[in-house]
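Ready to get to know a new fold? Work through the exercises below with the model in view.

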Amino acid sequence: MPESTTEQLTTAMIEQRLLDFLVERTKLEWEVGQDLFDSGVLSSLFAMELVVYVEKSFDVAVEREDLALANFRTVRAMTDLVLRLRKAADA
């Protein structure tokens, strides 16, 4: 369920949710900072599933321009993208 815009998301909360999603979806253990796209596990389709999960879970809209700029390859990069989008939405 999306957070209210007044509730502050911490980096640890975002990372944990992303890792939980990855473990559930892939049945593999993931660590913060693990390279998601060079691992050979995630396809372009799965990357889009991750984006959809992020949008729903964190109540943010991920635009193609944001993805191109973020070049997210790790849980940390996706976490930074979520925080940046939330901050922009709250401004």
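**Exercise 1. Find the pattern of the protein along its sequence.**

Going along the sequence, you meet α-α-α-α. That gives four helices and zero strands (DSSP runs of H or I with at least four residues, or of E with at least two, numbered from the N terminus). This is a predicted model, where local features need pLDDT of at least 70 and side-chain atom pairs 80 or more, while totals for chains, interfaces and linings use all residues. Residues count from 1 along each chain as its sequence is written, and side-chain values use heavy atoms, without hydrogens or water.

**Exercise 2. Work out which residues of helix 4 are buried and which are exposed on the other side.**

Step one: locate helix 4, residues 75–90. Step two: pick out the buried ones (under 20% relative accessible area, with exposed over 50%, 1.4 Å probe, protein chains only): Val 75, Met 78, Thr 79, Leu 81, Val 82, Leu 85 and Arg 86. Because they cover an arc of only 160° around the axis (taken from the directions to the C-beta atoms), they sit on the same side of helix 4. Step three: turn to the other side, where Lys 87 and Ala 88 are exposed.

**Exercise 3. Which residues does Phe 58 contact, leaving aside its neighbours within four places in sequence?**

Look for heavy atoms within 4.5 Å. Phe 58 contacts Leu 9, Ile 14, Arg 17, Leu 18, Val 82 and Arg 86.

Key. The expected span of a helix is 1.5 Å times one less than its number of residues.
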